[in-house]
Structure formats: C-alpha cells, structure tokens
Amino acid sequence: MDKRPYDNKAWLLVLPVFLIVAISAIIPLMTVVNYSVQDVLGPFQRVFVGTEWFEQVLNDDRLHGAFLRQLIFSGCVLLIQIPLGIAVALTMPVKGWQSSLCLVLVALPLLIPWNVVGTIWQLYARPDIGLAGVAVNSLGIPYNYTSSAFDAWLTVLIMDVWHWTPLVILLCYAGLRSIPEAFYQAAKIDGASAWAVFRYIQLPKMRRVLTIAILLRFMDSFMIYTEPFVLTGGGPGNATTFLSQFLAQIAVGQFDLGPAAAFSLIYFLVILLLSWIFYTYITHTDREDAR
Amino acid sequence: MSTAKGPALNPSTGRFRKRHIGLIVYFVFLLLPIYWLIAMSVRPNQEILSGFDLFPRTITFANYVTIFTDPSWYTGYLNSIQYVALNTLISLSVALPAAYAFSRYRFLGDKHMFFWLLTNRMAPPAVFLLPFFQLYSTFGLIDTHIAVALAHCLFNVPLAVWILEGFMSGVPREIDETAYIDGYSFPRFFLTIFLPLIRAGIGVTAFFCFMFSWVELLLARTLTSVDAKPIAATMTRTVSAAGMDWGLLAAAGVLTIVPGALVIWFVRNYIAKGFALGRV
Amino acid sequence: METLAADLEWMAWTGPTAAFFAGIALILAAMTAWQTVSPTIERRGFLPMPTTRGDRLFIGLLGSAYIHLAVIGFTDLNLWIAFGVSLVWMAVVMKFG
C-alpha cells in the first residue's frame with residue numbers, strides 16, 4: 001500500500017510546473033479548439049462554421065492515406081525494432097570497458113539532431129555519392145529513394161531502425177542487468193536450455209522495460225516529422241507523408257488554420273487515448289509487481 | 001549498474017562466437033552512416049561529386065574552417081546553445097520541487113496531473129505549431145531565444161519531472177523524516193541534503209533536457225527567422241537555397257553531434273533510465 | 001505567414017468554444033469540491049481496471065469526444081444526438097464504470 005502522506009500543500013511545489021505547462025499546452029490547445037470551428041479569412045475576419053472542418057478533415061482521402069501510412073509505418077517500426085533490440089541487448093558484453101564502449105556507441109544515433117539524421121541518410125543513401133546507394137546499385141538492384149516511392153519508404157524505415165533501435169537496446173540491456181546472477185546459476189543447475197532461460201527468466205524481467213520501449217517507440221514514430229522532412233520532403237508523391245508531415249503541410253504550407261486545427265485535435269485525441277492506455281497499463285502492472 | 005559481475009548475460013557460452021558475429025554486423029550497420037558523414041566532411045566538394053571512393057583521397061578541413069569563420073554558420077550554433085541552455089535551466093528549476101512533491105506526497109489530482117504531463121511529452125509538436133506561433137507573436141517573442149526555450153518546455157518539463165521522480169523515489173523517505181526531526185526547514189533540507197543526494201539524477205536530467213531541446217527542429221525552425229535561428233534550421237535552409245554543398249553540410253552535421261558525444265561517456269550508465277522517463 | 005498570424009486576434013474566442021471550456025472548468029471545479037466533501041474510493045466496475053471518480057470522468061469525457069467525432073465524420077445525424085448519447089455514456093461510466 002502507498003505509505004506516502006496525503007498533503008495538498010504539495011500543490012505549491014507543483015505549481016511552477018503547472019503554470020509553465022499550462023502556458024505552453026493549455027492555452028495553445030484552447031486556441032486550436034477555437035480555430036477549429038471558424039474560417040479565418042484574414043486579420044479580424046473570422047466566420048463561425050461549426051463542425052464543417054471536422055467533417056471535411058474526417059472525410060479527407062489524403063488524411064486517410066496519411067493515417068494508413070502512419071499506422072503501417074509505426075507497426076513496422078515496432079515489428080523490427082523490438083525483436084532486433086532484444087537480440088542485440090542479449091549479445092552485448094556485460095562488463096569491463098567493452099560494455100561501456102558498446103553502450104556509448106549504441107547511444108550515439110540517439111544524440112544526433114533529427115534533421116542531421118536525415119542529412120546523414122541523404123548522404124549515405126544517394127545513388128550517386130552515398131555509400132549505401134552506390135553499393136546497392138552496383139549489386140544490380142536499381143535503387144533511388146528520390147524517384148521510387150517504395151525505395152523512399154524503405155529508406156525512411158531503415159533510417160528509423162538505425163536511429164531508434166538503440167533506444168530499445170539500451171532499455172532491454174538495463175532490464176537484463178537487473179537480473180541477479182543466482183537466477184542464471186539456478187537455471188544452469190536445472191539444465192535449462194538457452195531458450196528456456198530467455199523465455200522464463202529474461203523475458204519476464206524485461207516486461208516492464210519492454211512496455212516502456214513499445215510506448216516510446218510507438219508514440220515517437222507516430223509523430224515522426226523531421227527525418228523524412230529532410231530526407232524525402234514527404235515524397236516522392238505522398239509516399240512518405242506521415243501524419244505530422246501532413247499537418248505541417250496544411251498548417252504552415254497552406255496556412256489553412258481551420259482544417260489544420262481540426263486535424264490537430266483529432267490527432268491529439270488519438271495520442272491522448274493511446275497514452276492513457278499505456279499509462280494505465282504501466283501503473284497497473286507496477287502495482288501488481290509491488291504486491 | 002557497475003555492480004554487475006559474472007559471465008555473459010546468457011550463460012550459454014557455446015554459441016559465443018556466432019552471436020558476436022551478429023553483434024559486429026549490427027555495429028557495422030550502426031557506424032557506417034556516421035563514418036560516411038565524417039568522411040564526407042573532410043573531402044573537397046569536387047572530389048565528392050567527381051567520383052565514388054570509400055576513403056577520402058585528399059583530406060581537407062576547409063569545410064570546418066568555413067563554419068567557424070562564417071557568421072551565418074557559427075551564429076547558428078551559438079543560438080542553439082543559448083536557447084538549449086535556457087530551456088535546461090528553466091526545466092530543471094521548475095521540475096525539481098514538482099518531482100519531489102510527486103515522489104513524497106499524495107495530493108488532490110496527483111495521478112491525473114502526472115498523466116497530463118506525460119501526454120505533453122507524447123503530443124506531436126506539429127499540433128502546437130500554429131498556436132505557439134500565434135501566442136508568441138502576440139507577445140512579440142517571435143525570433144527570440146526565450147520563445148524557443150519556452151516552447152521546448154512543452155516536452156522537456158514533463159520529461160524532467162518524470163526522470164527526477166524516478167531518481168527521487170530511489171532515495172529512502174527516512175532521510176527526509178530524520179532531517180525534519182532534526183529541525184531542518186524544507187528549503188534548507190531540500191537544498192543542502194536532498195539535492196546533493198540526487199546530483200547524479202540532476203546531471204542526467206540536465207543531459208536529457210539538453211539533448212531533446214538540441215535535436216528538435218520543427219518548433220525551433222518555425223519560431224525563429226533571423227536573430228535566434230538554430231543551427232538545425234541553418235542546415236535545412238542552406239540546402240534549399242544555395243544548392244548542395246555536401247561537404248559543408250556534412251561538416252555542420254559532425255559538429256552538431258560533438259556536444260552529445262562529449263558528455264555521453266559520463267552518463268553512459270544512466271542513458272536507459274533517462275530515455276525510459278526514469279522508469280527503469 | 002508572419003504578418004497574417006501576427007494580426008490574428010488573441011486566441012480567437014467564439015461563443016460556443018468559450019461555453020465549452022467554461023463547462024469543462026465547471027465540471028473540474030465540481031469534481032474538486034465533491035472530492036473534498038467525500039473523497040473517492042477506488043472501485044472495480046465494468047471497466048477492466050479499478051478506477052477512481054476522476055478516472056471515470058476522464059474516460060467519460062474522452063469517450064464523448066470520440067462519439068462526437070464519429071457522428072460528425074461518418075453520419076449525417078444531428079450533433080445534439082451525439083450530445084445525448086454522450087450524456088448517457090457519461091452517466092453509465094460514472095455510475096457503473
């Protein structure tokens with residue numbers, strides 16, 4: 001049971017955070033709601049249009065396309081990154097300078113500004129000057145991410161795997177390190193196979209970190225913007241236009257305030273629902289573990 | 001984490017060598033793009049465009065010299081560092097007391113508040129793009145460092161609160177109680193006893209605030225035009241305007257990786273904790 | 001873009017949205033008052049996890065938002081029908097959730 005004292009004076013300590021996040025979250029969100037029901041014609045010229053924008057956005061084929069692409073992309077991200085992350089974490093050395101070196105190298109892509117990640121892959125995958133681009137083409141496989149929709153999509157996916165699998169690795173590695181050595185010795189005495197050790201010792205111990213890894217990877221891939229913006233600009237065509245990309249196009253590109261706001265709200269509601277499910281799941285399992 | 005001892009994580013050492021081949025393949029996949037970026041940055045542009053070579057034939061630091069001497073490039077770095085430092089400072093100073101409250105007390109709406117903070121970390125910055133622009137225009141803050149610093153508080157303050165709460169919950173509550181019995185006031189206890197206890201956590205949190213503000217582009221680019229233009233925006237705008245100077249672009253990219261790469265060694269054992277919002 | 005956005009009115013309020021936010025604020029205030037008078041007890045209803053009163057309010061509001069979106073986007077029904085359905089949903093969640 002939770003032994004922390006109940007004291008509403010703690011609100012005083014939370015107040016600064018509340019105020020600063022209110023300014024940067026609540027006021028903008030209210031503004032979005034206000035925009036979403038109006039047609040902004042120009043300065044000081046607005047017309048109340050009710051739910052028209054919501055209707056338009058919800059029935060917009062481009063939005064459906066972007067949403068579908070986003071779901072497939074986020075699904076692929078999870079399907080590749082989670083198993084790959086677990087596999088690499090299992091093979092990483094656990095002690096000495098090798099382990100430190102591995103940790104630092106693995107973490108490197110996470111510290112690169114997102115637009116630079118795009119630049120790196122631009123340089124790396126270009127069919128004329130890029131190492132990967134030239135290599136793939138010289139193998140006889142035609143590859144050009146600027147003209148082929150499939151290549152562009154694949155490049156963005158591989159880039160994301162390169163960029164974010166390290167996050168999964170680091171989390172799984174931390175989870176594995178928390179398993180006491182005695183567990184392994186007991187398994188050895190019982191003559192457990194490597195698979196049994198993984199299935200009954202390592203995987204259960206990683207459940208918590210894996211939940212967080214899935215949460216973060218899903219959410220962050222759901223708002224991916226900068227890397228495809230730099231690499232492909234959303235193209236060719238709409239092949240790599242994901243939700244944030246689409247939103248930025250209407251909002252900043254076309255300056256369609258109303259539809260952009262309506263879309264923002266729908267986007268935000270989806271995020272809110274997903275975050276809440278994950279949060280409830282995490283706190284729920286925490287409590288069961290504490291029991 | 002430094003206490004781990006014993007053999008490999010998985011005691012089945014029979015497949016030791018085969019597994020390490022897999023690890024090496026992964027590291028090659030990981031490091032080749034970075035190698036390519038560095039290789040590009042030390043080549044003259046003519047060489048990049050004239051032909052393909054795995055290793056640079058002539059090594060030149062002209063690209064780096066350009067960045068360090070041309071104000072339109074190096075001010076980008078200075079602007080980024082300014083708003084990032086400002087943001088880290090704001091995030092930490094408001095998050096420290098709040099994280100203490102969350103880790104030590106229950107209060108009205110605490111869980112909902114904690115969840116609400118998380119949603120701000122998860123919300124796509126694109127959603128807040130227009131209202132931010134309008135908000136800061138109203139206050140005449142567009143194209144200032146403080147505007148970007150405040151905008152990045154949207155995800156960095158929740159991040160800092162969550163990470164710090166994770167660290168603070170690891171400190172036994174008896175320490176607080178003993179201090180209060182000994183007659184310490186809350187501010188004195190917090191500043192002289194508690195903060196030194198979690199200084200590793202503060203360092204890690206500062207690192208993560210720094211990093212997430214450093215890597216963000218969308219808000220930073222939209223809220224600035226000239227005076228506070230971040231290096232990330234300088235890079236994307238140069239690409240579209242002045243044609244493709246790949247060598248220069250690569251050199252600028254390398255320089256953006258340097259700050260993170262310098263600090264990462266010191267936080268290597270806490271990286272997972274930081275990324276997992278303190279929940280590992 | 002710069003000039004256009006700079007000239008927009010502060011937050012661009014409208015009557016209906018103001019009423020909407022006032023309503024939310026009122027509900028929150030009422031919930032706070034209710035909580036102070038008689039603190040909530042976590043309990044288990046038809047929802048798959050134990051919830052407090054505040055949790056149920058959140059679930060109710062979020063569900064209502066989705067109900068409204070569904071009605072707006074995929075049917076030609078009047079918005080008041082969505083509102084009515086949402087009220088029923090809120091009541092059910094608060095009472096039995």
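Two residues are in contact here if their C-beta atoms, placed from the backbone, lie within 7 Å. Keep that rule at hand while you walk through this model, which is a predicted one.

Begin by selecting chain A and chain B together, and look at where they meet: the contact takes 82 residues from chain A and, on the other side, 90 residues from chain B. Next, select helix α1 of chain A, residues 10–36, which gives the most to the side of chain A that touches chain B, namely 14 residues. If you then colour that side of chain A by residue class, you will find 63 nonpolar residues, 12 polar ones and seven charged ones.

Stay with chain A and colour it by pLDDT, whose mean over the chain is 85, with 98% of the residues at 70 or more. Among the elements of chain A, helix α3 (residues 61–91) has the highest mean pLDDT, 91, while strand β1 (residues 38–42) has the lowest, 76.

Now move to chain B and select residues 15–50, which the domain assignment gives as domain 1, and then residues 74–275, which it gives as domain 2. The centres of these two domains of chain B, taken over C-alpha atoms, are separated by 31 Å. Where the two domains touch, domain 1 of chain B supplies eight residues and domain 2 of chain B supplies seven residues.

For the last stop, select α1 (16–41) and α2 (45–50) of chain B, each of which supplies at least two residues of the side of domain 1 that touches domain 2. The largest share of that side, four residues, comes from α1 of chain B. Coloured by class, this side of domain 1 of chain B shows five nonpolar residues, two polar residues and one charged residue.

Key:
Residues numbered from 1 in each chain as written. Chains lettered and ligands numbered in written order. Predicted model: local features only at pLDDT ≥ 70, side-chain atom pairs only at ≥ 80, totals over all residues. pLDDT = per-residue confidence, 0-100. Domains from an automatic or database assignment. Nonpolar A, V, L, I, M, F, W, Y, C, P; charged D, E, K, R; others polar.
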